[in-house]
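Visitor: I am new to this structure and would like a close look at a single part of it. Please then use that part as a way into the rest.

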Amino acid sequence: MANYMFDTNIFNEILDGDINLSFLPSDNTCLVTHVQFGEIQRTKNPERLSQLTSIFNAMSSIEVHTESFVPGISIPGRAKASNPEKFYEIKNHLDELNKGKKNNVEDVLIAETAIINTHVLVTCDKDLLKVVTELGGAALTLDQFIDAVSKGNR
């Protein structure tokens with residue numbers, strides 16, 4: 001059985017696509033880190049923030065620590081201080097693909113955690129999906145995840 005880690009964009013996709021959360025597995029295999037919650041909390045529109053927080057709370061069965069600690073982003077006690085080699089390998093590759101988007105550090109924290117812990121990253125970010133799979137991790141789009149879960153391929 002796979003453990004799935006959700007990128008922040010999945011919560012937005014569920015809200016914008018008006019996707020019913022009934023597709024979620026009932027066995028607590030949905031994972032997040034403090035990073036996704038932090039990104040959601042920066043939502044400017046109060047109504048959207050409330051909706052995204054509700055979706056996050058409904059989906060986030062288990063919170064795991066990020067594998068790296070980045071000052072200004074990471075929360076002490078919710079991030080590990082690991083060897084930065086993997087972090088920078090992922091970041092450099094992602095920066096190359098998307099020209100250094102401003103949230104790459106957050107994406108890398110999520111991706112690194114998924115890769116090191118062999119979680120399947122669920123993301124709508126095609127560059128992040130490509131980086132994760134090229135660096136030995138597993139990643140799915142939201143549609144692929146819903147299809148896999150609905151067929152019982154966890």
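Visitor: In which loop is K99 found?

Guide: K99 is in the loop that runs between α4 (85–98) and α5 (104–116). The model is a predicted one, in which local features need pLDDT of at least 70 and side-chain atom pairs count only at pLDDT 80 or more, while totals for chains, interfaces and linings use all residues. Residues are numbered from 1 along each chain as its sequence is written, and side-chain values use heavy atoms, with hydrogens and water left out. The names of helices (H or I, at least four residues) and strands (E, at least two) stand for DSSP runs, numbered from the N terminus.

K99 is not a glycine, yet its phi is positive, at about 60 degrees. The residue has a relative accessible area of 74%, so K99 counts as exposed. The cut-offs are under 20% relative accessible area for buried and over 50% for exposed, with partly exposed in between, using a 1.4 Å probe and protein chains only.

D18 can be read beside K99. D18 also has a positive phi, of about 50 degrees, although D18 is not a glycine. Its place is the loop between α1 (8–16) and β2 (30–32). D18 is exposed because its relative accessible area is 70%.

A third loop residue is T43, which sits between α2 and α3 (46–59). A polar atom of the T43 side chain lies 2.7 Å from the backbone oxygen of I40. With neighbours within four places in sequence set aside, T43 is in contact with R48, L49 and L52 (contact means heavy atoms within 4.5 Å). Measuring from C-alpha to C-alpha, T43 is 24 Å from E112, and the two are 69 residues apart in sequence.

From the loops, turn to helix α2 (residues 34–41), where Q36 lies. Q36 has a relative accessible area of 0%, so Q36 is buried. The Q36 side chain makes a polar contact of 2.5 Å with the side chain of T33. Such a contact is a pair of N or O atoms within 3.5 Å; within protein, one atom must be able to donate a hydrogen and the other to accept it, and residues adjacent in sequence count only if both atoms are side-chain atoms. A polar atom of the Q36 side chain also lies 2.6 Å from the backbone oxygen of F6. Not counting residues up to four places away in sequence, Q36 touches several residues, including M5, F6, D7 and T8, as well as F56 and I110.

Next comes V132, in helix α6 (residues 126–134). V132 counts as buried because its relative accessibility is 0%. Beyond four places in sequence, V132 touches A111, I115, L121, G137, A138 and A139. V132 and N117 are 15 residues apart in sequence, with 12 Å between their C-alpha atoms.

L140 belongs to strand β5 (residues 138–140). Once residues up to four places away are left out, L140 touches Y4, V120, L121, V122, T123, L129 and F145. L121 is thus among the residues touched by L140, and L121 is also touched by V132. The C-alpha atom of L140 is 20 Å from that of E39, which is 101 residues away along the chain.

The rest concerns the chain as a whole. The protein chain has seven helices and five strands, and along the sequence they follow the pattern β-α-β-α-α-β-α-α-β-α-β-α. Its radius of gyration is 15 Å, close to the 15 Å of the globule rule for 154 residues, so the chain is as compact as a globular protein of that length. That radius is taken over C-alpha atoms, and the globule rule is 2.2 Å times the number of residues to the power 0.38. Along the principal axes, the C-alpha atoms fill a box of roughly 40 × 35 × 30 Å.

Of the 154 residues, 47% count as buried. Among contacts in the chain with a separation of 6 or more, 66% are between residues 24 or more positions apart.
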